[in-house]
Amino acid sequence: MRRKLVVGNWKMHGSQELVHSLLTGLQAQATQGDFADTAVCPPAVFLAQAATLLTDGRIALGAQNVSQHEQGAYTGEVSAPMLAELGCRYVIIGHSERRALFAETDALIAEKFIAAQAAGLTPILCLGESLQQRESGQALAFVAEQLTAIIDKVGIAAFDKAVLAYEPIWAIGTGVTASPEQAQAVHQHLRAVLAQYSEPAAVALQILYGGSANAANAALLFAQPDIDGALVGGASLKVDDFSVICRAAQSSN
Ligand code: PGA
């Protein structure tokens with residue numbers, strides 16, 4: 001049975017003070033033992049500080065990006081072994097902001113996926129359609145294409161240690177959430193695509209929903225059979241809201 005996972009994507013927000021207050025606050029909430037599996041992904045410069053605060057193992061650490069290279073003359077980049085050494089367990093790969101603003105291609109995302117796993121990290125592979133694709137009825141076909149582009153490069157076996165996140169671009173940071181039914185339809189489709197490669201992989205893979213997930217809509221999303229948690233942006237910067245989401249996920253475990 002798939003367990004629910006809630007991941008906070010802080011994006012380029014925060015300060016050392018915020019890292020301290022958010023993580024001490026979240027840890028205090030998590031000690032009550034009713035959180036689902038939870039991870040936070042602060043900006044890279046705060047990962048070391050976050051690791052010193054997340055000592056009891058209830059909340060895992062993740063990064064928002066990783067280089068496809070292991071080491072070398074790549075000014076400004078951070079490698080997967082570096083993230084692993086800092087205590088990261090997850091890394092977000094292929095977020096639509098990186099695809100759109102930093103021109104990341106499927107080929108690059110696949111390389112990052114492989115580099116992450118080689119260092120023992122679990123990639124959280126993001127995909128999702130634009131509003132125009134949804135309105136023209138191409139959402140399912142497009143996300144299937146995004147997924148198969150990666151499977152064809154990394155192999156279905158690599159999905160044993162990965163997480164998928166469906167994040168419709170039109171729902172990210174907009175306050176417009178996909179309805180539970182809309183999200184479920186896409187998650188179900190992604191699982192069917194996976195099943196064409198491997199039925200056990202399709203059954204086992206956690207597929208998170210992302211895009212204006214919040215304290216008010218989380219429980220309804222998690223009630224859907226193929227939604228295995230959430231990748232949370234804005235609401236992950238508020239202790240109370242994020243805690244509600246982590247509890248809602250645990251209640252539906
Ligand atoms: P949002 O962001 O929850 O603020 O919409 C989600 C994401 O981009 O991962």
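**Contacts, ligand shell and backbone in a predicted model**

The side chains of Arg2 and Asp228 make a polar contact at 2.9 Å. The model is a predicted one, and this pair is a handy place to start reading it. Arg2 sits in the segment before strand 1, which covers residues 5-9. A polar atom of the Arg2 side chain also lies 3.1 Å from the backbone oxygen of Pro225. With a relative accessibility of 17%, Arg2 counts as buried, because the cut-off for that class is under 20%.

Ile227 belongs to the loop that runs between helix 10 (218-222) and strand 8 (229-232). Its relative accessibility is 0%, so Ile227 counts as buried. What lies across from Ile227, 43 residues apart along the chain? The partner is Gln184, and the two C-alpha atoms are separated by 6.5 Å.

On to the ligand. The shell around the ligand holds 13 residues, and those that come nearest are Lys11, His95, Glu167, Gly173 and Ser212. Sorted by class, the shell has seven polar, four nonpolar and two charged residues. Three of the nearest residues can be described atom by atom. His95 places a polar side-chain atom 2.7 Å from an oxygen atom of the ligand. For Glu167, too, a polar side-chain atom lies 2.7 Å from a ligand oxygen. Gly173 uses its backbone instead, with an N or O atom 2.6 Å from an oxygen atom of the ligand. How much of the ligand does the protein bury? Taken alone, the ligand exposes 290 Å², and 95% of that is buried by the protein.

Ser212, one of the nearest residues to the ligand, also turns up in the backbone angles. Most residues other than glycine have a negative phi. Ser212 goes the other way, with a positive phi near 55 degrees. The residue is located in the loop between strand 7 (206-210) and helix 10, and its relative accessibility of 15% means that Ser212 counts as buried. Ala103 is another non-glycine residue with a positive phi, here about 55 degrees. Its place is the loop between helix 4 (96-101) and helix 5. Is Ala103 buried or exposed? At 58% relative accessibility, Ala103 counts as exposed, since that class starts over 50%.

The aromatic side chains come next. Searching the whole structure turns up two aromatic pairs. One of them joins Phe113 and Phe159, with ring centres 5.2 Å apart and planes at 35 degrees, a tilted arrangement. Why does this pair tie together parts that are 46 residues apart in sequence? Phe113 lies in helix 5 (residues 106-118), whereas Phe159 lies in the loop between helix 7 (139-154) and strand 6 (163-166), so the contact links those two parts. Both Phe113 and Phe159 are buried. Elsewhere, a charge meets a ring: the charged end of Arg98 sits over the ring of Phe102, 4.2 Å from the ring centre.

Helix 5 also contains Ala110. This alanine has a relative accessibility of 1% and therefore counts as buried. Ala110 and Asp152 are 42 residues apart in sequence, and their C-alpha atoms are 9.2 Å apart in space. Arg99, for its part, is found in helix 4 and is buried, with a relative accessible area of 16%. How far is the C-alpha atom of Arg99 from that of Ile114, 15 residues apart along the chain? The separation is 17 Å.

A last stop is Ser179, which is found in the loop between strand 6 and helix 8 (180-197). Its relative accessibility is 24%, so Ser179 counts as partly exposed. Ser179 and Leu220 are 41 residues apart in sequence, with a C-alpha to C-alpha distance of 8.9 Å.

Definitions and conventions: Residues are numbered from 1 along each chain as its sequence is written. This is a predicted model: local features need pLDDT of at least 70, side-chain atom pairs count only at pLDDT 80 or more; totals for chains, interfaces and linings use all residues. Side-chain values use heavy atoms; hydrogens and water are left out. A residue is near a molecule or strand if one of its heavy atoms lies within 4 Å of it. A polar contact is a pair of N or O atoms within 3.5 Å; within protein, one must be able to donate a hydrogen and the other to accept it, and residues adjacent in sequence count only if both atoms are side-chain atoms. Accessible areas come from the Shrake-Rupley method with a 1.4 Å probe; for residues, only the protein chains shown count as cover. Ala, Val, Leu, Ile, Met, Phe, Trp, Tyr, Cys and Pro count as nonpolar, Asp, Glu, Lys and Arg as charged, and the others, Gly among them, as polar. Rings of Phe, Tyr and Trp (its six-membered ring) pair if their centres lie within 6.5 Å; planes under 30 degrees apart count as stacked, over 60 as edge-to-face and the rest as tilted. Helices (H or I, at least four residues) and strands (E, at least two) are DSSP runs, numbered from the N terminus. Buried means under 20% relative accessible area, exposed over 50%, partly exposed in between (1.4 Å probe, protein chains only). A charge sits over a ring if NZ of Lys or CZ of Arg is within 6 Å of the ring centre and within 35 degrees of the ring normal.
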